[in-house]
Amino acid sequence: MKFAIAVFSPAHAPSSRRALRYAEAVLACGHEIARLFFYQDGVHSASANVVTPQDELDVSGQWHAFIAANQLDAVVCIAAALRRGVLDEAEANRYQRQAVNLPKPWELSGLGQLHEAAQLADRLVCFGGD
Amino acid sequence: MTTLHVIAHSPFGDERLVSCLRLLGTDDALLLCGDAVYALRSGSEPHRQLQAAGLAQRLFALEEDVQARAVGNELAKAVDYAGFVELSLHYDKVNSWL
Amino acid sequence: MAKSLLIISRQAPWNGPSAREALDIALAGGAFDLPLGMLFLDDGVFQLAADQQPTAVQQKNLAANLQALPMFGVEELFACSHSLTRRGLAADNLTLPVQVLDDAALTALISRFDQVVTL
């Protein structure tokens, strides 16, 4: 079965970690992830500038590793990301901001990508909260 | 179509659980995770509300969150992440109360 | 056939961007001609209150965007009767033409849609 997974919370929120563990379980159970979509404060989960203390779980780093290892389609909502200062190189240039904190393979795109993923998938599962 | 409702907020000072229980269909299920598992603490108001809702086999809790919070749980069926994924497929859709 | 999506909006309008971002999901889906519904629940019904003056807190008017929903093809609009009553809002004085539903009708509504997200 195909899953679309949407994350609405930053890496330091318990629900971002929960979304990651769920996504791992989806693959471990032999299912497919059509797309990961990061919206609202979830765009912070994609930020490459999160520095986690060494003795704490680095959820942001684990998201990056998980997406890269499984070559997943990971889309960050562009409007939500701009509002919260999560920028790739093109957007940083466009708005003349100094910091770039959204590396590849994350991709900035619109909410249409969430709808497309929901249409492609058998289940849309969203994560947010405490 | 059936729905698996998922709540991750503490039931204390938050309306999600009460609203969810009002809208829950007879074939729908509820999965508590994160701070929402505090609703399972016996003697608490949300625990009474869950009991009154008579969910029987349709109430689930994410095991790790129950363990982490030392919430005694005699009400909900504990599931791990594989169980969560399975529930997501058993019900026709998943409605997360973000 | 395209899957239908019900967006349940339960955030008050001037509590950060949440209400607007929930609405944006609906508007984006409407632009793709997807079968969408929007339900205002809990504090979300405050989005429908008449005569709000968001300029007082330097916010854009959400009502204009809400009123765009039917133009974007999102014509299935609902509000929870219990939430309205509890907040002292009258069903006949709302900024959008919503169907006001009781709890049993809301259960049936959620059941009818293929997918649901509650923001």
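**Three chains and a sheet**

Tutor: Putting chain C and chain B together buries about 1,500 Å², and 49% of that is on carbon and sulfur atoms. Keep in mind that this is a predicted model, where local features need pLDDT of at least 70 and side-chain atom pairs need 80 or more, while totals for chains, interfaces and linings use all residues. Residues are numbered from 1 along each chain as written, chains are lettered from A and ligands numbered from 1 in written order, and side-chain values use heavy atoms, leaving out hydrogens and water.

Student: What makes the area between chain C and chain B "buried"?

Tutor: Buried area is the accessible area (1.4 Å probe) that two parts lose on being put together, summed over both. So the 1,500 Å² or so is a loss counted on chain C and chain B alike. On the chain C side, Arg10(C), Ile110(C) and Thr118(C) lose the most, together 29% of what that side buries.

Student: How many residues does each of chain C and chain B bring to the contact?

Tutor: Chain C brings 23 and chain B brings 17, with contact meaning heavy atoms within 4.5 Å.

Student: Why is the pair Glu15(B) and Arg87(C) called a salt bridge?

Tutor: The rule wants a side-chain nitrogen of Lys or Arg within 4 Å of a carboxyl oxygen of Asp or Glu. Here the closest N and O atoms of Arg87(C) and Glu15(B) are 2.8 Å apart, so the pair qualifies. The rule finds 3 salt bridges across this interface.

Student: Which elements of chain C give two or more residues to the side touching chain B?

Tutor: They are α3 (81-86), α4 (103-112) and β5 (115-118) of chain C, with helices being DSSP runs of H or I, at least four residues, and strands runs of E, at least two. Helix α4(C) gives the most, 6 residues. The whole side splits into 9 nonpolar, 7 polar and 7 charged residues; Asp, Glu, Lys and Arg count as charged, Ala, Val, Leu, Ile, Met, Phe, Trp, Tyr, Cys and Pro as nonpolar, and the others, Gly among them, as polar.

Student: What about chain B against chain A: how much area is buried there?

Tutor: About 1,600 Å², with 65% from carbon and sulfur atoms. Tyr81(B), Leu89(B) and Leu98(B) supply 36% of what chain B buries there, more than any other three residues.

Student: How do you know that Arg18(A) and Asp65(B) form a salt bridge?

Tutor: Their side chains come to 3.7 Å, N to O, and that falls within the cut-off, so the name holds. The count between chain B and chain A is 2 salt bridges.

Student: Now chain A's sheet: why do β4 and β5 count as edge strands?

Tutor: The sheet is open, with 5 parallel strands in the order β4-β3-β2-β1-β5. Strands β4 (107-109) and β5 (123-127) each have a single partner strand, so one side of each has no neighbour in the sheet. From one strand to the next the twist averages 25°.

Student: What makes β2(A) and β3(A) a pair?

Tutor: Pairing takes at least two DSSP bridges. Strands β2 (residues 32-38) and β3 (residues 74-77) of chain A are joined by 3, so they pair, running parallel. In one of these strands, β3(A), Val75(A) is the bridge partner of Phe37(A). Helix α2 (residues 59-70) of chain A packs on the sheet, touching β1 (2-7), β2 and β3, at about 140° to β2(A); such angles run from 0 to 180 degrees between N-to-C directions, along lines fitted to C-alpha atoms, for helices over the stretch in contact.
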